[in-house]
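Work through the exercises below with the model open. Each task is followed by a solution in steps.

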Amino acid sequence: MSTEPPPSLAFSTVLAPFLASFPPEQGKQLRDAFVYAEKYNPGFIHDFIAGIINTDDITETLLKLGATECNEFLILSHVELHDQLNRKSQVLRVLLSSIPDKISDRSQFLQTIKDIAQSIKDLLNCVNSFSQLNASSPAMVQNKRLFDYQKKYFVRSSKAFSDSLRNFFRASEKSAVYQAANKLITQTNVLMRTIKIITERG
């Protein structure tokens, strides 16, 4: 059974922190069951959480929870570059998760957009430094194709988020911004998980 966490914001913000409160063995069994269900029924975890949380907009609710820290994507290391990756990815999550509270105030929202753009740039620079410093490590060589793909998809998700902002200023469509922000947080998590795997197998 696959043990990799699914690319689901509902998993990282709600389910994983909840399962962490269980005794390790029970938590792992429940986690594996949810991962298995998600693998064969994509969207299962999102629908499950949506059925539990009483909210009019599950996308907005999950976005507000997007900065919830999840050990699945945290690099457990005392290496400074790894700490930087943890910090910079969390800064991006926090900024993105603040969008619902800032979007109605134009000046605050414009500043948040600038901060997000800088945060994306800072994280990418850190990711590129990680790639260069670990270029010859066996784990990087083995996972290079996956790493490059996830980094490329992170950039693509960032551009999709930018596109959603342009559409918002034309049509004031919040939901598209929320969806794009959720996808960017999710891809940030996936990229961090990939880097974590490389550091653990180094």
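## Two helices, step by step

The model is predicted. The buried residues of α2 pack against α1 (9-19) and α3 (44-52).

**Exercise 1.** Check whether the end-to-end span of helix α2 agrees or disagrees with its number of residues.

*Solution.* Start with the count: α2 covers residues 24-40, which is 17 residues. At 1.5 Å a residue, these should span 24 Å. Next, take the end C-alpha atoms: they are 24 Å apart, so the span agrees.

**Exercise 2.** Describe how α2 packs against α3.

*Solution.* List the buried residues of α2: G27, R31, D32, F34, V35, A37 and E38. Then find the contact: F34, A37 and E38 in α2 meet F44, I45 and F48 in α3. Sort the residues of this contact: five are nonpolar, none is polar and one is charged. Two packed helices are described by the angle between their axes and the distance between the axes. For α2 and α3, the angle is about 115° and the axes are 8 Å apart.

**Exercise 3.** Trace helix α8, its bend and its partners.

*Solution.* Helix α8 runs over residues 138-171, 34 residues in total. From first to last C-alpha it reaches 49 Å, close to the expected 50 Å. Now look for the bend: α8 turns by about 65° at K144. Its buried residues include N143, F147, Q150, F154 and F161. The buried residues of α8 pack against α5 (80-97), α6 (99-102), α7 (106-133) and α9 (174-201). Finish just after α8, where S172 has a positive phi of about 55°.

Technical notes. Residues are numbered from 1 along each chain as its sequence is written. This is a predicted model: local features need pLDDT of at least 70, side-chain atom pairs count only at pLDDT 80 or more; totals for chains, interfaces and linings use all residues. Side-chain values use heavy atoms; hydrogens and water are left out. Helices (H or I, at least four residues) and strands (E, at least two) are DSSP runs, numbered from the N terminus. The expected span of a helix is 1.5 Å times one less than its number of residues. Buried means under 20% relative accessible area, exposed over 50%, partly exposed in between (1.4 Å probe, protein chains only). Contact means heavy atoms within 4.5 Å. Axes are lines fitted to C-alpha atoms, for helices over the stretch in contact, and angles run from 0 to 180 degrees between N-to-C directions. Ala, Val, Leu, Ile, Met, Phe, Trp, Tyr, Cys and Pro count as nonpolar, Asp, Glu, Lys and Arg as charged, and the others, Gly among them, as polar. The bend at a residue is the angle between axes fitted to the seven residues ending there and the seven starting there.
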